[in-house]
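Colleague: I am new to this structure and would love a close look at one part of it. Could you pick the part and walk me through what is around it?

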Amino acid sequence: MCRFAEVVGQEEAERCVVKMVQKYQSPVRVYKYPFELVMAAYEKRFPTCPEIPVFLGSEILHESRSEDGAVHVIERSCKLNVDAPRLLKKAGGTRGTERPGLCWLLIAGVEHVFFIQRNTVNWRERTLRIEAHNETFANRVVVRETCSYSVHPENEEWTCFEQSASLDIKSFFGFESTVEKIAMKQYTSNIKRGKEVIEHYLKELISQGITFIPRWSPPAGSGRDEPSPALEHEAGDIPLDSGAPGSPCPSAEAASPDADKLDADYIERYLGQLTPLQESCLIRLRQWLQETHKGKIPKDEHILRFLRARDFNIDKAREMLCQSLAWRKQYQVDYILQSWRPPALLQEYYTGGWHYQDKDGRPLYILRLGQMDTKGLVKALGEESLLRHVLSINEEGQKRCEENTNIFGRPITSWTCLVDLEGLNMRHLWRPGVKALLRIIEVVEDNYPETLGRLLIVRAPRVFPVLWTLVSPFINENTRQKFLIYSGNNYQGSGGLVDYVDKEVIPDFLGGDCMCTVPEGGLVPKSLYQTEDEPENADHIRLWTETIYHSASVLRGAPHEIVVEILEGESVITWDFDILKGDVVFSLFHSKRAPEPSHKESTLPGPCAGDNVQLIDRTWVLGVDFSRVESPLVCREGESIQGSHVTRWPGFYILQWKMHGPPPCSGSSLPRVDDVLASLQGSGHKCKLIYFYEVLASKDFRGSMSSLESCNSGFSQLSGVTTSSSQSQSSSHLSR
């Protein structure tokens with residue numbers, strides 16, 4: 001990319017920076033047939049395939065086999081029909097005054113596009129690897145695809161299929177966006193069609209009486225049982241992932257082949273119907289989390305909620321999810337169902353509770369808001385207790401969704417809330433109470449997106465529009481579309497509650513026959529109000545004030561540093577931190593001199609803004625006044641880092657986080673495109689992080705991960721099981 005920038009100049013480089021490479025990664029699709037039979041069905045696609053109209057035909061360019069016949073390589077030129085000429089011609093008509101020569105030059109004579117496909121089947125290993133790249137417009141658009149067929153790891157009579165691809169549009173006469181949409185639309189429309197074609201030919205083989213094909217075996221007398229050596233590349237062959245000049249992007253193969261993979265049947269059963277691109281977004285975001293949050297990534301349904309909340313924009317969903325995971329970690333939200341016990345007053349006067357499920361199997365939560373003394377609850381308990389209770393309700397809701405998914409045999413990822421506003425009056429518009437409600441809504445919107453499937457509001461009084469005007473701007477548009485509001489008795493009869501809730505579970509206070517155990521509420525006695533010496537901080541919701549995590553800001557040119565004094569050698573310093581915003585470099589230093597802090601207050605609002613403390617004096621010289629004891633570690637936004645260091649000497653150990661920036665370019669060269677991209681995506685002049693550290697005696701230390709058990713950094717309610725790995729740097733162990 002840097003070479004490209006030097007050739008076309010800085011202006012062209014900056015224009016290309018904003019172009020993102022489109023990627024696709026499929027889930028694992030399973031054919032419940034042996035590999036050999038699937039291969040026989042696959043070969044029926046050549047040289048032409050009427051079942052795939054876009055595939056016009058193919059011809060073999062060259063073919064080779066290993067001596068024992070175990071490895072068979074075929075390279076084909078494939079001819080495809082696409083809609084690009086017609087659409088580009090239409091687009092060219094609207095922009096002909098700008099560059100008519102280029103448009104007509106592009107269209108002239110271009111009726112089809114050609115791809116080169118290289119198939120390598122290994123009959124001994126029972127695998128097929130397919131690598132393909134475009135030949136048409138290869139200097140402007142680069143399409144790379146990798147597919148593989150292999151034996152199912154748990155059933156050797158089944159066959160797995162995986163597919164990944166990348167699309168890199170460098171330039172296309174100003175039609176880059178159009179070409180991107182055409183390519184992605186056609187590619188995704190043919191993904192699932194490919195599986196249908198294989199199944200079509202499998203049924204055709206079976207109808208012909210071909211139900212078994214024997215496995216490959218070595219030729220008699222060959223005496224060769226060991227795997228065949230890889231075939232030498234023939235003249236003119238260039239592997240797709242060779243990295244040779246002219247190969248503008250690496251292979252589209254998954255970056256983490258050992259990571260747990262998602263099965264297409266699992267997705268449909270537990271997550272619902274997703275489009276191919278939505279499946280790809282889920283898999284790619286999941287892979288990224290596995291690489292950066294070892295051992296503690298959320299469950300798939302939780303990841304999917306954040307993708308839905310951001311319309312499957314991976315970058316936006318990743319940012320939102322990472323902020324939420326750091327929030328959960330900092331305030332130990334994962335343990336709220338075990339640790340939170342609502343006070344007796346809250347149990348008596350909070351008029352909400354779970355009540356069976358709706359017609360779609362969603363857990364049903366009933367809130368008699370009109371009967372709730374919100375002013376009394378805020379004055380008696382404060383925002384802290386109310387927020388904890390609301391969070392516990394959301395955590396319980398997610399748990400109930402999982403249970404209902406197993407009970408009903410279909411994905412249940414959200415719940416329904418039935419709100420009864422009978423009794424709502426001006427008392428509910430008490431300003432501090434509304435302010436607390438808005439803060440709670442903000443926390444829930446940021447951390448529990450797409451968990452509300454439907455909100456049924458019944459018996460809305462005349463004062464409700466006033467409350468709705470205050471609250472609705474703080475509710476996400478997608479969430480607002482799930483609201484159904486009934487005034488008076490309009491909720492009764494057809495078109496009302498019976499359309500969404502079975503009649504036998506409609507609560508008795510709404511005219512149903514089902515007894516509901518939700519508290520009736522009432523006015524909280526003023527004698528239970530907190531005194532003026534007890535009120536909570538009204539500026540923010542603090543959650544757990546005893547959180548073990550600290551927050552900090554890292555400024556450009558002003559790193560954040562903390563000092564740990566070690567009185568004797570062989571102690572262990574452990575750390576655990578999350579990067580909330582920006583990229584930072586983490587280092588560990590040792591000094592015999594006690595540093596004097598230089599403290600800077602953060603200008604960020606809110607309790608999690610953090611401070612900036614500098615300890616290393618500007619006059620200190622590295623190698624003289626202090627020394628580096630851990631190699632610098634670049635930590636990207638959203639990453640979670642744990643590590644430890646065994647101290648060798650007493651003294652002062654300084655943990656430092658400083659802003660990461662691209663290395664300066666020499667005066668004679670243009671800026672690297674990757675560095676320009678990093679600067680465009682950077683977070684300006686400020687980074688944010690949360691961190692925890694402690695010092696352990698070496699005899700108490702049992703490895704960097706076990707030493708961090710006190711951090712409670714796992715996601716107990718949300719995590720799926722993943723493998724964890726660590727990276728050793730000198731005497732330190734760092735795991736992402």
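Modeller: Happy to! Let us begin with confidence, since this is a predicted model. Within the protein chain, strand β10 has the highest confidence, with a mean of 97, while strand β24 (residues 727-729) has the lowest, at a mean of 34. Across the chain the mean pLDDT is 78, and 75% of the residues reach 70 or more. Some stretches call for care: residues 601-609 have a pLDDT below 50, and the model gives this stretch 19 contacts beyond near neighbours in sequence. Residues 664-683 also stay under 50, with 25 contacts beyond four places in sequence. Where pLDDT is low, the predicted coordinates should not be read in detail.

So the part I would choose is the sheet that holds β10. Five strands make up this open sheet, in the order β9-β10-β11-β12-β13, and their pairing is mixed. At the edges are β9 (352-357) and β13 (483-487), each of which pairs on one side only. On average, neighbouring strands here are turned by 20 degrees against each other, direction ignored.

Look next at β11 and β12. Strand β11 covers residues 415-420 and strand β12 covers residues 452-460; the two pair in the parallel sense over six bridges. To find your place in this pairing, look for T416, which stands opposite R454 in β12.

A helix goes with this sheet too. Helix α13 (residues 374-408) lies across β9, β10 (363-367) and β11, and it runs at about 10 degrees to β9.

Now for a residue worth a pause. R368 sits in the loop between β10 and α13. R368 is buried yet has no salt bridge, and D420, the nearest side chain of opposite charge, is 4.2 Å away. A salt bridge would need a side-chain nitrogen of Lys or Arg within 4 Å of a carboxyl oxygen of Asp or Glu. Leaving aside residues up to four places away in sequence, R368 touches T351, D420, F509, V518, P519 and E520.

From α13 we can step across to helix α9 (300-309), because the buried residues of α9 pack against α13, as well as α7 (264-271), α8 (276-292), α10, α14 (431-447) and α16 (477-480). Helix α9 is mostly covered, with nine of its ten residues buried. Among them are H302, I303, L304 and F306.

The end of α9 has some backbone details to look for. Just after α9, D311 takes a positive phi of about 50 degrees. F312, in the loop between α9 and α10 (314-331), has a positive phi of about 60 degrees although it is not a glycine. F312 counts as buried, at 15% relative accessibility. Beyond α10, in the loop between α10 and α11 (336-339), you will find Q332. Q332 is not a glycine either, yet has a positive phi of about 55 degrees.

Finally, here is a pair of strands to visit after this sheet. Strand β16 (residues 571-581) and β21 run antiparallel, joined by seven bridges, and V572 stands opposite V646 in β21. Six of the seven residues of β21 (residues 640-646) are buried, so this strand is largely enclosed by the rest of the structure.

Conventions:
Residues numbered from 1 in each chain as written. Predicted model: local features only at pLDDT ≥ 70, side-chain atom pairs only at ≥ 80, totals over all residues. Heavy atoms only, no water. Pairing = 2+ DSSP bridges. Helix = DSSP H or I, 4+ residues; strand = E, 2+ residues; numbered from the N terminus. Axes fitted to C-alpha atoms, helices over the stretch in contact; angles between N-to-C directions. Contact = heavy atoms within 4.5 Å. Buried < 20%, exposed > 50% of the residue type's maximum accessible area, 1.4 Å probe, protein only. Lys, Arg positive; Asp, Glu negative; His and termini not counted. pLDDT = per-residue confidence, 0-100.
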